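Trainee: I've got a model open and I'd like to talk it through with you. Can we put it up and go from there?

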Amino acid sequence: MSGNSRHSESQSLSTIYGTYADVLFVLFPFLVIFMQRLWDGQLADVLLRPDLSIAAAILAGLAIGKFVLGLVSDRDLGQFRERIVFFIALTLFVVLGPSIILILSILGDREVPGFVAFVQPVLLVVSISLYTTAITISNILTRASDEPEGGPEREENQTQSARHEPLVIPRRSTNGEAS
């Protein structure tokens, strides 16, 4: 495995860890709420409360932000611009809109229908998938716009020519003077 592919693999792995750390950070308050409801004996009501829809809406908003970041990061997207706009519309239509409607309907005074217990987890999973896709697309586009014009070969030559001597730290001598 070459050094460049190893670096790319390491960068992709870091992106995956960072993405799922974001997801866990968003879901953490809802985990606390879930544990409190479990403690209170209200486990059956967890899926009929708006918590999962709120989490899905937050992740959908983050995904839209990342898609927009991907759009503005590179002006020369060509055919890919329409695909990113499609993902923004998909996120709005499939996750954000239904999540907001469910939040408002659940918080209303009406009886919550049973299908909500199925729809909310599905919305959450779809929003996590779209957020992961948005992060990946945004990172690919920002890496492509940061890459020098000569491509990876030119970048490798630049990094080899830009290598400097490591920092030399003066050592103390026995009589207290730096050498």
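Trainee: What share of the 179 residues in the protein do buried residues make up?

Mentor: Keep in mind that this is a predicted model. A residue goes into the buried group when its relative accessible area is under 20%. Of the 179 residues in the protein, the buried ones make up 26%.

Trainee: And which pattern does the protein follow along the sequence?

Mentor: The secondary structure comes to 5 helices and 0 strands. Reading along the sequence, you get α-α-α-α-α.

Trainee: Which helix supplies the largest share of the largest nonpolar core?

Mentor: That core has 30 residues, and those with the most contacts inside it include Leu 59, Phe 67 and Tyr 131. At least two residues come from each of α1 (3-39), α2 (51-73), α3 (80-107) and α4 (116-146). The largest share is 10 residues, and the helix behind it is α2.

Trainee: Tyr 131 caught my eye. Which residues is Tyr 131 in contact with, leaving aside neighbours within four places in sequence?

Mentor: Tyr 131 is one of the residues with the most contacts inside the core. With those sequence neighbours set aside, its contacts are Thr 19, Asp 22, Val 23, Leu 59, Leu 62, Ala 63 and Lys 66.

Trainee: Is Ser 138 buried or exposed?

Mentor: Ser 138 is found in helix α4. Beyond residues up to four places away in sequence, Ser 138 touches Lys 66, Leu 69 and Gly 70. Its relative accessibility is 2%, and the cut-off is under 20%, so Ser 138 counts as buried.

Trainee: Now over to α3. How far apart in space are Leu 96 and Ser 53, C-alpha to C-alpha?

Mentor: Leu 96 is found in helix α3, and with a relative accessible area of 18% it is buried. Leaving aside neighbours within four places, Leu 96 is in contact with Ala 57, Ala 60, Ile 64 and Thr 91. Leu 96 and Ser 53 are 43 residues apart in sequence, yet C-alpha to C-alpha the distance is 8.8 Å.

Trainee: Among contacts between residues at least 6 apart in sequence, what percentage join residues at least 24 apart?

Mentor: Leave out the pairs that are less than 6 apart in sequence, then look at how many of the remaining contacts join residues at least 24 apart. For this protein the answer is 73%.

Trainee: Which salt bridge links distant parts of the chain?

Mentor: The count comes to 2 salt bridges. One joins the side chains of Arg 49 and Asp 45 at 4.0 Å, N to O; Arg 49 is partly exposed at 28%, and Asp 45 is partly exposed at 33%. In the other, the closest N and O atoms are 2.4 Å apart, with Arg 37 buried at 15% and Asp 51 buried at 12%. The pair that links helix α1 to helix α2, 14 residues apart, is Arg 37 and Asp 51.

Trainee: Last one: about how much accessible area does the nonpolar patch on the surface have together?

Mentor: In soluble globular proteins, nonpolar side chains tend to be buried together. Here, though, Phe 28, Leu 31, Val 32, Phe 34, Met 35, Leu 38 and Leu 43 form a patch on the surface. Leu 38, placed in helix α1, is partly exposed because its relative accessible area is 44%. Together the patch residues have about 640 Å².

Definitions and conventions
Residues are numbered from 1 along each chain as its sequence is written. This is a predicted model: local features need pLDDT of at least 70, side-chain atom pairs count only at pLDDT 80 or more; totals for chains, interfaces and linings use all residues. Side-chain values use heavy atoms; hydrogens and water are left out. A nonpolar core is a set of buried Ala, Val, Leu, Ile, Met, Phe, Trp, Tyr and Cys residues joined through side-chain atoms within 4.5 Å. Buried means under 20% relative accessible area, exposed over 50%, partly exposed in between (1.4 Å probe, protein chains only). Helices (H or I, at least four residues) and strands (E, at least two) are DSSP runs, numbered from the N terminus. Contact means heavy atoms within 4.5 Å. Patches are made of residues with over 30% relative accessible area and no salt bridge: like charges are joined within 9 Å, nonpolar side chains (Val, Leu, Ile, Met, Phe, Trp, Tyr) within 5 Å. Accessible areas come from the Shrake-Rupley method with a 1.4 Å probe; for residues, only the protein chains shown count as cover.
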